[in-house]
Amino acid sequence: MTALRRHRALHAIWDRGPGWRGALATVNHTDIGRRFIVTAFVFFCIGGVLAMLIRTQLATPGSAFVGPAIYNQIFTMHGSIMMFLFAIPMIEGLAFYMLPKLLGGRDMAYPRLSAFGYWCYLFGGTILVLALLFGVAPDGGWFMYTPLSSKTYTPGINADIWLIGVTFVEVSAMAAAIEIMVSVLKLRAPGLRIDQMPLFAWYLLVTALMMLIGFPPLILGSILLEIERAFDWPFFDPNRGGDPLLWQHLFWLFGHPEVYIIFLPAAGVVSTVLPVMARSRIVGYGWIIAAILALAILSFGLWVHHMFATGIPHMALGFFSAASALVAIPTGIQIFAWIGTIWAGRPELKLPMLHIFGFFVVFIIGGLTGVMLAMVPFNWQAHDTAFVTAHLHYVLVGGFIFPMLAGAAYWLPHFTGRRPIERLGKAAFWLIFIGFNLTFFMMHMVGLLGQPRRVYSYPEAMGWTWYNLLASFGSFIMAFGFALFALDVAMQVFLGRRSQRNPWRAGTLEWAMLLPPPTYNFASLPRVADHDPLAADPDLATALARGEGYLAEPRHGWRETLAGDMLTGRPEYIVLLPGNSLLPLVMAIMTGGFFLSILGGVYVLAPVFLVAVAACGWRWAWRVGQREDLGAIDAGCDLVLPIHGEAPGSPGYWGSVLAIVADGTLFATLVFGYAYLWTIASGWPPPQLIAATPFAAGLSVIALAAASLAGRRAGAVPATAATRRIALGIGSAAQLAALAALVFEIATAVPPPASHAYAATVMVLFAYAAVHVALALLLMVFAWNRVGAGFVSDRRTAELRVAAMWQDYAAVVTLVVLLVTKVPAMLS
Amino acid sequence: MSTLAPGGPAAAAIADLWWFMLAGAVAIFAGTMALFLMAFRAQARGPASTRLWIMGLGIAFPTTVLVSLLVYGLLVGERLQASAAPDVVEVEAMGRQWEWGFRQVQGDRRGAETVGVLHIPAGRPVDVLVRSEDVIHSFWVPMLAGKMDAIPGKTNRLRLLASRPGRYAGACAEFCGIGHTGNRFFVVAHDPASWARLAQGTS
Ligand code: HEM
Ligand SMILES: [Cu+2]
Ligand SMILES: [Cu+2]
């Protein structure tokens with residue numbers, strides 16, 4: 001087969017199809033990645049316009065440009081858009097677009113999930129922006145402190161919009177986290193050891209892990225606050241056993257890691273682009289990985305530095321202060337590794353490097369002010385002033401925007417297949433750099449002079465006028481810079497000359513393809529031994545196009561890629577990826593219907609949409625799989641491999657494991673919240689505990705144990721379809737009994753949840769258990785049907801194992817819920 | 001409102017800490033940027049030494065700086081705590097949307113509320129019991145001390161001392177809704193004579 005015929009055949013398989021339908025049904029990672037990036041940039045522009053409004057308002061004292069009501073919406077939306085609708089989705093987009101190309105694969109692990117995530121993001125973001133247009137946008141600040149955001153003090157829909165919109169977007173972040181992890185761990189090119197992966201993949205792997213563990217606390221917090229607002233369950237109300245600080249703990253338990261979630265991928269861009277620009281290899285590869293891991297772990301132990309002024313005892317603050325200062329060490333390792341890399345090479349000051357220079361200046365200043373703010377006494381002065389606003393922008397713009405601009409300059413030829421126009425880009429850089437520093441350097445100073453953050457105006461007599469005027473002037477220079485950047489991109493897309501294949505002479509695999517990239521990435525998959533394969537073999541691209549790698553022969557219209565061992569990259573099985581589908585869009589619409597019915601207070605509709613989502617999920621899972629065993633088949637280069645359905649650790653299985661990790665984190669935070677209220681909040685012990693009767697509870701535990709055993713039996717090998725169905729049938733019946741027992745408990749034993757935070761929390765714990773038993777039941781019934789339809793054999797048991805896993809999880813959480821609620825009741 | 005024009009020992013200690021950190025930060029920034037820029041003109045090229053760049057500059061250097069800074073910061077923080085002292089005056093600061101109400105507190109007795117003005121004696125330690133009636137606010141008088149949040153259901157204690165009699169501007173530092181910007185107040189520190197007069201007048 002010639003290279004051209006192979007291209008045509010593969011393209012026909014991987015293409016999205018014509019017209020509108022094709023655009024809506026595409027699941028290809030290049031499409032989805034690009035879409036995320038463009039949409040995130042649009043949200044950045046919206047957030048940027050809001051920033052300009054803020055700076056216009058603050059430019060002069062006593063300004064009458066907007067009043068406080070509008071101003072509060074503007075800064076809340078600016079912060080929320082930048083954090084949730086710009087930074088995180090931009091990272092997801094870059095990851096989706098880049099990872100398969102960098103790792104030598106043809107797509108991400110769950111293409112339909114990427115598409116679903118995109119639609120959720122788009123719809124959630126649209127809800128937020130529409131609210132802004134209608135003047136009912138959130139106005140409680142991007143961290144939405146209770147009780148200001150509770151029903152009493154924000155009676156309108158504003159806070160609900162934040163909670164619902166952001167949670168909707170978060171669904172997509174969780175999906176992306178799971179997908180990125182599985183793709184990096186499993187879908188690497190044959191032979192690519194984990195300790196030889198490109199650093200960018202390491203950064204994204206750790207980032208995704210942090211998202212997996214960092215987002216659930218916020219999702220839980222949002223659910224609790226929305227329940228409090230909707231049904232008056234007093235989780236955060238100090239008069240009924242709640243505590244406003246619980247919200248702050250949940251929020252910052254997410255919020256601090258969030259900052260590193262934003263920074264790490266950007267640092268990954270620096271680690272990728274800088275060695276190429278410096279014409280050398282990265283110094284301290286292993287150290288950098290250690291530093292990233294250290295950052296990830298440390299960043300979960302720092303959240304209290306946002307709460308230094310809440311009256312927590314000084315000794316406890318000292319601990320968090322030390323931990324906060326210590327993050328500077330892994331950051332320092334990276335900074336000096338980068339500088340050392342430049343020393344070792346022959347650096348060229350091309351546009352990407354210029355942005356990296358901007359990154360160094362701005363981010364180091366942000367890091368230094370960060371260490372200052374980690375010192376408790378100084379924090380007491382600077383907290384909640386313009387100094388903090390300045391610090392956070394130095395970190396976020398320095399640690400995210402400049403690296404992303406560097407990445408844009410570096411990868412734009414890859415996206416567009418066209419050469420950059422350096423001049424315009426350099427002018428844009430200098431405008432952004434100078435404008436930024438002017439704006440935010442001034443804000444440090446005016447913060448020290450006492451200007452609080454989030455004030456819409458200030459009197460002339462304060463002496464803050466000049467600083468603010470200069471800051472606003474600088475922000476307009478910066479805005480011109482971004483406009484110039486957008487112009488530069490547009491010119492390159494429409495007028496640029498065609499770029500040759502590897503314009504920067506880089507070593508990573510994403511450059512081993514035609515530009516712009518073909519839908520299937522690689523005509524055949526390479527065997528890779530280290531993180532810069534093109535450095536050793538510059539002609540790899542042509543060899544792959546000629547079909548000299550794995551999976552070179554298109555067959556049966558299959559979308560094939562390879563999966564390997566997590567550590568060594570030894571090929572394990574062929575993944576057959578699902579093709580284009582409208583299902584992600586439909587499911588996202590149904591999810592949106594669910595969220596909107598809660599937002600509109602039409603609670604009867606919520607379960608209807610939930611059922612629709614479940615039906616979509618059912619169809620989603622039903623459409624994949626095989627009805628017969630294929631055995632080991634040819635994978636090219638003398639390799640024969642099974643397909644994923646017949647291999648032990650399929651992507652679906654690992655995705656399920658990771659989903660349970662995330663779900664378990666949410667549950668752990670819920671139990672933490674319960675323990676926190678019990679020990680810290682006033683009004684405890686509660687006036688009325690749950691009924692101590694253990695019968696229904698005991699029944700549910702026994703039934704769930706039986707269901708777990710049945711699940712195990714159903715998945716055992718060898719077994720006939722009939723045995724499996726009997727086991728699954730018995731398991732489902734047991735689950736149904738457990739569910740009934742839990743519902744009985746909820747209906748009879750729990751005190752009225754609006755009466756006290758205890759009752760409300762216990763109710764949520766029971767609801768959590770019940771929802772998971774119901775989910776496990778759904779999965780087991782699904783498995784029962786799949787066995788009947790012939791999708792399961794002794795070689796194809798993945799679905800049974802997934803069902804059993806969720807059943808075990810449901811059993812464990814139910815047991816925990818019963819222990820933490822019933823034991824105190826029985827003891828008292 | 002400037003944190004750098006201290007009117008008492010607490011704010012002065014923090015301002016000192018700030019100037020110290022600023023000097024250190026400028027030095028570190030200049031050094032790092034010098035290394036960065038020199039990298040572009042360096043003549044001797046070759047494999048970079050992990051020992052120097054990672055272990056030396058990346059680990060040993062920040063560790064030393066941070067440990068010393070942390071000790072300094074902790075000691076300052078400890079000194080600012082409301083430790084027992086013989087002549088402490090207690091006052092209550094009640095945050096609400098959108099004003100601050102202040103009262104003198106003596107044991108169980110509370111004086112009359114003054115809105116927007118807190119009277120304290122100069123030269124004596126004052127403990128402000130910071131509370132809230134509705135949402136979270138934050139009591140902040142930058143020239144005298146750091147801030148302390150007013151959280152419903154909770155009482156936080158902040159130690160102040162105004163070295164000289166005078167008027168010190170204060171503001172609510174935690175966003176508390178539409179009136180947050182205007183939620184300002186004054187602290188008036190009295191000399192002993194005027195403090196005695198005031199005490200007589202109110203009790
Ligand atoms: C592009 C130029 C930008 C300008 C001129 C700008 C300006 C501002 C200003 C003046 C505030 C303070 C509002 C106040 O306290 O009243 C603010 C808040 C904030 N900004 Fe930006 N910003 C920019 C970019 C960004 C970016 C890129 C991010 C994040 C990735 C970001 C995240 C935030 C956050 C989280 C807040 C806090 C919002 C709150 O207090 O609720 N900003 N910004
Ligand atoms: Cu933080
Ligand atoms: Cu306020």
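**Figure 1. Twenty residues gather around ligand 1.** In this predicted model, 20 residues surround ligand 1. The closest of these are A:Tyr71, A:His78, A:Trp142, A:His393 and A:Arg454. If you sort the shell by residue character, you find twelve nonpolar, five polar and three charged residues. Which helices of chain A each supply at least two residues of this shell? They are helix H3 (29–58), helix H4 (68–103) and helix H14 (386–416). The largest share, six residues, comes from H4(A).

**Figure 2. Polar side-chain atoms meet ligand 1.** This close-up picks out three side chains, beginning with two histidines. A polar side-chain atom of A:His78 sits 2.8 Å from a nitrogen atom of ligand 1. For A:His393, the distance between an N or O atom of the side chain and a nitrogen atom of the ligand is 2.7 Å. Then look for A:Arg453: an N or O atom in its side chain is 3.0 Å from an oxygen atom of ligand 1.

**Figure 3. Three histidines hold the protein side of the copper site.** Which residues are the protein donors of the copper ion, ligand 2? They are A:His256, through its ND1 atom, and A:His305 and A:His306, each through NE2. These donors lie 1.7 to 2.0 Å from the ion. Along the sequence, the donor residues follow the spacing H-x48-H-H. A:His256 belongs to helix H8 (residues 244–277) of chain A, while A:His305 sits in the loop between helix H9 (285–299) and helix H10 (314–326), so the pair ties together parts that are 49 residues apart in sequence. Are A:His256 and A:His305 buried or exposed? Both of them are buried.

**Figure 4. Chain B combines helices and strands.** Three helices and eleven strands make up the secondary structure of chain B. Reading from the N terminus, you pass two helices, then the run of strands, and finish with a helix: α-α-β-β-β-β-β-β-β-β-β-β-β-α. How does the radius of gyration fit a compact globule of 203 residues? Such a globule would have a value near 17 Å, but chain B has 23 Å. Along the principal axes, the C-alpha atoms of chain B fill a box of roughly 80 × 40 × 25 Å. Of the 203 residues in this chain, 49% are buried. Among contacts between residues at least 6 apart in sequence, 64% join residues at least 24 apart.

**Figure 5. B:His119 and its neighbours in space.** You can find B:His119 in strand S5 (residues 117–121) of chain B. Its side chain makes a polar contact of 2.7 Å with the side chain of B:His190. Setting aside neighbours within four places in sequence, what does B:His119 contact? Its partners are B:Val91, B:Gln104, B:Thr114, B:Val188, B:His190, B:Trp195 and B:Leu198.

**Figure 6. A:Ala69 and A:Phe215 in chain A.** A:Ala69 has its place in helix H4 of chain A. This alanine is partly exposed, with a relative accessible area of 36%. Now compare its position with that of A:Phe215: the two residues are 146 apart in sequence, and their C-alpha atoms are 30 Å apart in space.

**Figure 7. Two cis peptide bonds in chain A.** Most peptide bonds are trans, and this view shows two that are cis. A cis bond joins A:Thr146 to A:Pro147, with omega about 0°. A:Pro147 is in the loop between helix H5 (111–133) and helix H6 (158–186). The other cis bond runs from A:Val717 to A:Pro718, where omega is near -5°. Look for A:Pro718 in the loop between helix H22 (695–715) and helix H23 (721–748).

**Figure 8. Two residues with positive phi.** Most residues other than glycine have a negative phi. A:Asp384 is not a glycine, yet its phi is positive, near 60°. It is found in the loop between helix H13 (376–382) and H14 of chain A. Is A:Asp384 buried or exposed? With a relative accessible area of 1%, A:Asp384 is buried. A:Cys637 also has a positive phi, of about 50°, although it is not a glycine. A:Cys637 lies in the loop between strand S3 (633–634) and strand S4 (640–641) of chain A. This cysteine is partly exposed, and its relative accessible area is 42%.

Terms used:
Residues numbered from 1 in each chain as written. Chains lettered and ligands numbered in written order. Predicted model: local features only at pLDDT ≥ 70, side-chain atom pairs only at ≥ 80, totals over all residues. Heavy atoms only, no water. Near = heavy atom within 4 Å. Polar contact = N/O pair within 3.5 Å; in protein donor to acceptor, adjacent residues only side chain to side chain. Helix = DSSP H or I, 4+ residues; strand = E, 2+ residues; numbered from the N terminus. Nonpolar A, V, L, I, M, F, W, Y, C, P; charged D, E, K, R; others polar. Donors = N, O, S within 2.8 Å, 3.2 Å for Na, K, Ca; no water. Buried < 20%, exposed > 50% of the residue type's maximum accessible area, 1.4 Å probe, protein only. Rg over C-alpha atoms; globule rule 2.2 N^0.38 Å. Contact = heavy atoms within 4.5 Å.
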